[in-house]
Amino acid sequence: MTGTDGRGPRARCRGGATLTLQEAADRLGVHYMTAYRYLRTGRLNASWRDGRWWVPAGELEALAEELARRPAPGRRPGSLRGRTDQPSSGRPVDPSVAERLAGRLVAGDEAGAWVVLEALVLAGHDVVDVVTDVLGPAMRAIGERWATGEVSIAEEHLASQVVERLVVRLGTRSRRPGRRSPVVALAAPPGELHRLPLSMAVHVLRAAGFSVLDLGCDLPAADLVATVQDPPRPLAGVVVGATLPAHRPALAEVVRALKTAVPGVRVLVGGAAVPSAAEAEALGADGWTGPDARSLVRAVDAVVRGSRPRALPSG
């Protein structure tokens with residue numbers, strides 16, 4: 001099939017025949033290495049036989065349709081090295097992207113996973129889109145597979161380590177210059193050893209232009225209080241998060257200690273351990289960070305602007 005502007009894939013591909021990867025690339029109207037990248041990132045299935053990749057012809061149909069809809073060549077709407085203050089594309093991310101990414105993560109394929117994320121940003125999706133619609137769902141899917149025994153502990157740990165490096169890379173390349181002051185402190189309470197959710201929150205907020213003080217995981221309440229009482233820079237508020245319901249008492253203790261020692265300090269709580277605004281209120285917090293990265297940015301923005309975060313739906 002040829003696109004209306006002549007750029008699209010050159011032929012529809014039907015039937016049960018198999019093609020070499022070069023033949024598949026020719027039918028899609030792309031370079032061989034582009035077809036190989038589709039294979040690496042799970043957009044194209046193929047099998048290795050007789051020293052080459054073989055692609056079922058029927059596999060090309062959906063991909064050909066997708067490529068036919070790609071934007072015209074020219075300046076790309078977003079760039080990991082260019083401007084980072086452009087708005088999101090406004091388009092939802094295809095859920096299948098998260099599934100492809102999960103496959104790359106479990107395999108420990110950091111390069112292939114990065115290609116998936118980079119393509120999203122170059123298509124105009126911002127860091128909040130990527131974390132909310134792709135990284136978060138991919139890690140939840142891996143966690144569910146671990147719970148059912150489909151993924152081993154080692155594979156889950158490998159995926160988490162890859163995601164942590166990807167988040168750092170994505171956040172560093174997409175960070176906006178700090179424009180908002182004062183600072184927001186982020187921490188996890190005593191007993192919380194999961195670093196990844198905190199790291200994702202830190203890099204999302206920095207990419208959104210906030211100044212963030214990352215105080216890390218498993219932080220004793222007394223140490224957090226001491227930092228908030230004498231911060232290195234003016235502090236707007238504190239965000240404390242945890243992953244397991246068993247950590248709620250520690251969250252409540254941290255909130256209580258902060259409110260007692262630093263009257264007026266604004267404290268938000270969140271993470272998987274806090275599933276709703278009602279739960280956040282029960283813990284004594286001023287607000288809930290919400291169910292995803294988008295709501296986290298909104299809640300922190302409200303704190304920085306000096307207004308009480310609006311109650312968010314429990315999702």
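Colleague: In which sense do β4 and strand β6 (residues 235-241) pair, and over how many bridges?
Modeller: This is a predicted model. In it, Ala185 of β4 stands opposite Val238 in β6, and Leu186 stands opposite Val239. The two strands run in the parallel sense, and the number of bridges between β4 and β6 is five.

Colleague: Which other strand pairs with β4 in the parallel sense over three bridges?
Modeller: On this side, Leu186 stands opposite Asp214. That residue belongs to β5. The pairing is parallel and has three bridges, and the partner is strand β5 (residues 212-214).

Colleague: What is the order of the strands in the open sheet of five?
Modeller: β4 pairs with β5, and β4 also pairs with β6. The sheet is open and its pairing is parallel. Read across, the order is β5-β4-β6-β7-β8.

Colleague: Which strands stand at the edges of that sheet, each with a single partner strand?
Modeller: The order across the sheet is β5-β4-β6-β7-β8. A strand with a single partner has one side left without a neighbour in the sheet, so the edge strands are β5 and β8 (287-288).

Colleague: How many of the five residues of strand β4 (residues 183-187) are buried?
Modeller: One side of β4 carries Val183, Ala185 and Ala187, and the other carries Val184 and Leu186; both faces are covered. Buried here means under 20% relative accessible area. The strand is largely enclosed by the rest of the structure, because the count of buried residues is five of the five.

Colleague: Which helix lies across β4, β6, β7 (267-270) and β8?
Modeller: The helix in question runs at about 150° to β6. Its residues are 293-304, and its name is α12.

Colleague: At what angle do α6 and helix α8 (residues 195-207) pack?
Modeller: The residues that meet include Val128, Leu135 and Met139 in α6, and Leu196, Met200 and Val204 in α8. The axes are 10 Å apart, and α6 passes α8 in a right-handed crossing. The two helices are roughly antiparallel to each other, with an angle of about 165°.

Colleague: Is Thr132 buried or exposed?
Modeller: Thr132 lies in helix α6 (residues 127-147). Leaving aside neighbours within four places in sequence, Thr132 is in contact with Pro137, Asp292, Ala293 and Arg294. The relative accessible area of Thr132 is 11%, so this residue is classed as buried.

Colleague: Which backbone oxygen does the side chain of Thr132 reach?
Modeller: Thr132 is a residue of α6. The distance is 2.8 Å, and the backbone oxygen belongs to Val128.

Colleague: In what order do the three strands of the other open sheet stand, given antiparallel pairing?
Modeller: Three bridges join β1 to strand β3 (residues 52-56), and β2 and β3 also pair over three bridges. The order is β1-β3-β2. β1 (18-20) and β2 (47-49) each have a single partner strand, so one side of each is left without a neighbour, and the strands at the edges are β1 and β2.

Colleague: What is the average twist from one strand to the next in the sheet β1-β3-β2?
Modeller: The three strands of this sheet pair in the antiparallel sense. From one strand to the next, the twist averages 40°.

Colleague: What is the bridge partner of Thr20 in β3?
Modeller: The strands β1 and β3 run antiparallel. Leu19 has Val55 as its bridge partner in β3. From the β2 side, Ser47 stands opposite Trp54. For Thr20, the bridge partner is likewise Trp54.

Colleague: Which residue in the turn between β2 and β3 has a positive phi?
Modeller: β2 and β3 pair in the antiparallel sense. They form a hairpin with two residues between them. The phi in question is about 55°, and the residue is Asp50.

Colleague: At what angle to β1 does helix α1 (residues 21-28) run?
Modeller: The strands β1 and β3 are joined by three bridges. Helix α1 lies across both, and its angle to β1 is about 95°.

Colleague: What distance separates the C-alpha atoms of Gly112 and Leu101?
Modeller: Gly112 lies in helix α5 (residues 110-122). At 2% relative accessibility, Gly112 counts as buried. Leu101 is eleven residues away along the chain, and the C-alpha separation is 8.3 Å.

Technical notes. Residues numbered from 1 in each chain as written. Predicted model: local features only at pLDDT ≥ 70, side-chain atom pairs only at ≥ 80, totals over all residues. Heavy atoms only, no water. Helix = DSSP H or I, 4+ residues; strand = E, 2+ residues; numbered from the N terminus. Buried < 20%, exposed > 50% of the residue type's maximum accessible area, 1.4 Å probe, protein only. Polar contact = N/O pair within 3.5 Å; in protein donor to acceptor, adjacent residues only side chain to side chain. Contact = heavy atoms within 4.5 Å. Pairing = 2+ DSSP bridges. Axes fitted to C-alpha atoms, helices over the stretch in contact; angles between N-to-C directions. Parallel < 35°, antiparallel > 145°, perpendicular 65-115°, else oblique. Left-handed = near helix turned anticlockwise from the far one by under 90°.
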